[in-house]
Amino acid sequence: MYTQAMDTAAREGHEAPAPRPGEDPALQQRFDARIDAGEFIEAKDWMPEAYRRTLLRQISQHAHSEIVGMLPEGAWITRAPTLKRKTILLAKVQDEAGHGLYLYAAAETLGSSRDQMLQALHGGRAKYSSIFNYPTLSWADVGTIGWLVDGAAIMNQVPICRCSYAPYARAMVRICREESFHQRQGFESLLTLMQRGTPAQQAMVQDAVNRWWWPAVMMFGPPDEASPHSAQSMRWGIKRVSNDELRQKFIDAAVEQARVLGVTLPDPALRWNEARQHWDFGAIDWDEFWRVVGGDGPCNAERLAARVQAWEDGAWVREAALAHAARRQREPLAA
Ligand SMILES: [Fe+2]
Ligand SMILES: [Fe+2]
């Protein structure tokens with residue numbers, strides 16, 4: 001999920017996408033014409049190197065976000081208050097693992113191996129969505145993540161179902177269906193706490209919303225005028241809707257949902273603007289955003305350490321699978 005990462009390339013020192021010398025202009029022209037006609041590009045089709053690299057960076061960051069995103073909520077599986085909530089949370093966290101799997105597979109079609117992508121993550125060279133560098137302090141955080149974080153993810157991801165790169169677009173169709181379940185389960189969990197909970201439980205929900213609101217608003221990435229690669233990604237049909245447009249759509253929906261829940265969004269500047277037919281909102285603390293993207297969030301080190309540990313703990317499974325595959329090759333009947 002969580003496409004804020006795709007716009008951070010300039011701050012990470014990647015080069016801006018540009019046509020490569022030596023690329024056949026006729027192939028380039030045909031590619032541009034296909035994009036303009038709204039056609040999908042398949043893995044076997046010719047594509048400009050800059051398009052391939054941009055997609056590879058975006059899809060691998062997206063895949064990393066899915067699996068790192070399992071960590072904040074995974075910590076609550078053993079502490080879920082009822083069997084029903086535990087079952088729902090288990091299903092959601094497993095869904096996120098599946099999302100990572102589809103996306104790593106889509107990224108592999110662009111010529112990078114999963115091992116290479118994971119090495120980049122574990123070495124701190126690859127980004128994932130900075131929303132997962134915030135801690136989950138109470139049970140209400142789980143519902144709030146479903147409502148706001150998965151809710152923001154849906155806004156970000158639905159347009160990617162029409163992304164010009166077909167393997168990515170196909171993966172997103174299924175992912176979006178599951179994200180929709182994630183958002184609803186979160187909202188329903190909070191509604192239960194707000195309508196049937198004690199005053200202490202209601203206060204717990206408000207506290208969680210206070211902490212998650214601004215990081216969720218930041219998930220849409222920097223403002224359009226500070227997103228240097230957005231125009232190129234729009235031209236290529238990778239990005240369909242701008243960061244600011246998506247953010248506004250999310251805020252408009254969340255204000256109504258907060259009213260139903262009976263919680264206050266922590267932004268005193270939220271005001272309905274009759275002329276714009278949208279909700280106005282307060283200034284976003286972009287310094288905090290860049291600080292967390294840059295590695296200085298509350299849980300950056302903890303999240304990365306957990307992923308590296310999981311990789312090391314799984315070494316024996318990978319070795320066993322490779323040994324089994326080699327044996328099958330040597331002795332086909334032994335399989
Ligand atoms: Fe997901
Ligand atoms: Fe999700």
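Okay, let's start with the metal: the iron ion (ligand 1) takes its protein donors from Glu66 (OE), Glu96 (OE), His99 (ND1) and Glu179 (OE), at 2.0 to 2.2 Å. By donors I mean N, O and S atoms within 2.8 Å of the metal (3.2 Å for Na, K and Ca), and water is not among the atoms, so sites may look incomplete. Keep in mind that this is a predicted model, where local features need pLDDT of at least 70, side-chain atom pairs count only at pLDDT 80 or more, and totals for chains, interfaces and linings use all residues. A bit of bookkeeping: residues are numbered from 1 along each chain as its sequence is written, chains are lettered from A and ligands numbered from 1 in the order in which they are written, and side-chain values use heavy atoms, with hydrogens and water left out.

Back to the iron ion (ligand 1). Its four donor atoms make angles of 84 to 144 degrees, and the site comes out as irregular. The rule there: four donors are tetrahedral if all angles lie between 85 and 135 degrees; four are square planar and six octahedral if opposite donors are over 155 degrees apart and all others between 65 and 115; anything else is irregular. Along the chain, the donor residues of this ion are spaced E-x29-E-x2-H-x79-E. The site ties together distant parts of the chain, with Glu66 in helix 3 (residues 49–68) and His99 in helix 5 (residues 83–108), 33 residues apart. Helices (H or I, at least four residues) and strands (E, at least two) are DSSP runs, numbered from the N terminus.

Are those two donors buried or exposed? Glu66 is buried at 0% relative accessible area, and His99 is buried at 0% too. Buried means under 20% relative accessible area, exposed over 50%, partly exposed in between, using a 1.4 Å probe and protein chains only.

Now, which residue bridges the two iron ions? That's Glu96, and the ions lie 3.4 Å apart. Glu96 counts as buried, with 1% relative accessibility.

The iron ion (ligand 2) has Glu96 (OE), Asp150 (OD), Glu179 (OE) and His182 (ND1) as protein donors, again at 2.0 to 2.2 Å. Here the angles among the four donor atoms run from 88 to 157 degrees, and this site is irregular as well. Its donors follow the spacing E-x53-D-x28-E-x2-H. Distant parts of the chain meet here too: Glu96 sits in helix 5 and Asp150 in helix 7 (residues 139–157), 54 residues apart. Asp150 is buried, at 0% relative accessibility.

Next, helix 8, and a few residues to click on. Ile175 is in helix 8, and it's buried at 0% relative accessibility. Setting aside neighbours within four places in sequence, Ile175 contacts Glu66, His99, Tyr102, Leu103 and Gln157; contact means heavy atoms within 4.5 Å. So Ile175 touches two of the residues I listed as donors for the iron ion (ligand 1), Glu66 and His99. Cys176 is also placed in helix 8, which covers residues 166–196. Cys176 counts as buried at 10% relative accessibility, and with the same neighbours left out it's in contact with Gln157, Val158 and Cys161. From Cys176 to His99 is 77 residues in sequence and 9.6 Å in space, C-alpha to C-alpha. Further along helix 8 you'll find Ser189, buried at 4% relative accessible area. Ser189 touches Arg85, Trp139 and Gly143, not counting residues up to four places away in sequence.

One backbone oddity: Gln277 has a phi near 60 degrees, a positive value in a residue other than glycine. Gln277 is in the loop between strand 1 (271–273) and strand 2 (278–280), and it's partly exposed at 43% relative accessible area.

Finally, how far do we trust the model? The protein chain averages a pLDDT of 92, and 93% of the residues score at least 70. pLDDT is the predictor's confidence in each residue, from 0 to 100. Over residues 3–17, though, the pLDDT is below 50, and that stretch has 44 contacts in the model beyond near neighbours in sequence. Where pLDDT is low, the predicted coordinates should not be read in detail.
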